[in-house]
Amino acid sequence: GKSVGIDFSPDGIKLARQNARKRGLGKIAEFHQAHAVELPFPDNSFDAVISECVVCLIQDKQKTLNEKVRVLKSGGRVIMHDVITWAPMPRAMREDKGLYCGCVGGAVSMNEYVEMMKRAGLTDIRTVDFTKGARRMLSLDSAKALKGMETKAAQEIVDFVNKGGIGYALLVGTKK
């Protein structure tokens, strides 16, 4: 087998290549600088696309999922872990660039992800909620995470996260 990774930053690619060489994987792992909304691969290229906490970082989530499916062979799978929401997110969270870049501000509900996966052409979609196991990772300390924000907005965000508004899930779908 072979593994192909992408990252939008040259530094990320350089680090991935170094780590692959250190682990003796240089001949089976390759890396390309690219963006998830425009993958540099032909249609029907891969047996699987694995995505770890990527879609929540991208504004056009549907386009990203469409690209993942485009490069899959028939019968291939999209396997993704991502941050999800369990309740409507406060506006202050959606508008905070730091939280968006921190995988939280761009999260959508599991149902929204499932619907986007269907629209992208995936079937047999399965989900597993890992929120409970990821609770520590998903909690926020207002003093550390939200420096410089208006106190009311900061507290609203911390309350939303700490009351279970944010989750973490595995979503898998198969291309027809």
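# Notebook: strand pairing and one helix contact

**Entry 1, strands 4 and 5.** I opened this predicted model at the spot where Thr 85 stands opposite Ser 109 in strand 5. I then looked up the pairing around that spot: strand 4 and strand 5 (residues 108-109) are joined by two bridges and run parallel.

**Entry 2, strands 4 and 7.** Next I followed strand 4 to another partner. How many bridges join strand 4 to strand 7? I found nine bridges, with strand 7 covering residues 166-175 and the two strands running antiparallel. As a landmark I noted Val 78, which stands opposite Gly 173 in strand 7.

**Entry 3, strands 3 and 4.** I stayed with strand 4 and turned to strand 3. Strand 3 (residues 46-52) and strand 4 (residues 72-85) run parallel, joined by six bridges. Here my landmark is Ile 50, standing opposite Ile 79 in strand 4. I traced the chain between these two strands as well: it leaves strand 3, goes through helix 2 and arrives at strand 4, a β-α-β crossover that is right-handed.

**Entry 4, strands 1 and 2.** I moved to the start of the numbering. In which sense do strand 1 and strand 2 pair, parallel or antiparallel? Strand 1 (residues 3-7) pairs with strand 2 (residues 29-33) in the parallel sense, over five bridges. I marked two positions along this pairing: Val 4 stands opposite Glu 30, and Gly 5 stands opposite Phe 31. The connection runs from strand 1 through helix 1 (residues 10-22) to strand 2, and I logged this β-α-β crossover as right-handed.

**Entry 5, helices 2 and 5.** Having met helix 2 in a crossover, I wanted to see how it packs. Two packed helices are described by the angle between their axes and the distance between the axes. For helix 2 (residues 61-70) and helix 5 (residues 110-120), I noted that the axes come within 9 Å and cross at roughly 50 degrees. That angle makes helix 2 oblique to helix 5, and the crossing is right-handed.

**Entry 6, who makes the contact.** Which residues of helix 2 and helix 5 make the contact? From helix 2 I listed Lys 61, Gln 62, Leu 65, Asn 66 and Val 69. From helix 5 I listed Tyr 113, Met 116, Met 117, Arg 119 and Ala 120. Sorting the residues of this contact, I got six nonpolar, two polar and two charged.

Methods. Residues are numbered from 1 along each chain as its sequence is written. This is a predicted model: local features need pLDDT of at least 70, side-chain atom pairs count only at pLDDT 80 or more; totals for chains, interfaces and linings use all residues. Side-chain values use heavy atoms; hydrogens and water are left out. Axes are lines fitted to C-alpha atoms, for helices over the stretch in contact, and angles run from 0 to 180 degrees between N-to-C directions. Angles under 35 degrees count as roughly parallel, over 145 as roughly antiparallel, 65 to 115 as roughly perpendicular and the rest as oblique. A crossing is left-handed if the near helix is turned anticlockwise from the far one by less than a right angle, and right-handed if clockwise. Contact means heavy atoms within 4.5 Å. Ala, Val, Leu, Ile, Met, Phe, Trp, Tyr, Cys and Pro count as nonpolar, Asp, Glu, Lys and Arg as charged, and the others, Gly among them, as polar. Two strands pair if DSSP finds at least two bridges between them. A crossover is right-handed if, with the strands pointing away from the viewer, the path from the first strand over the helix to the second runs clockwise.
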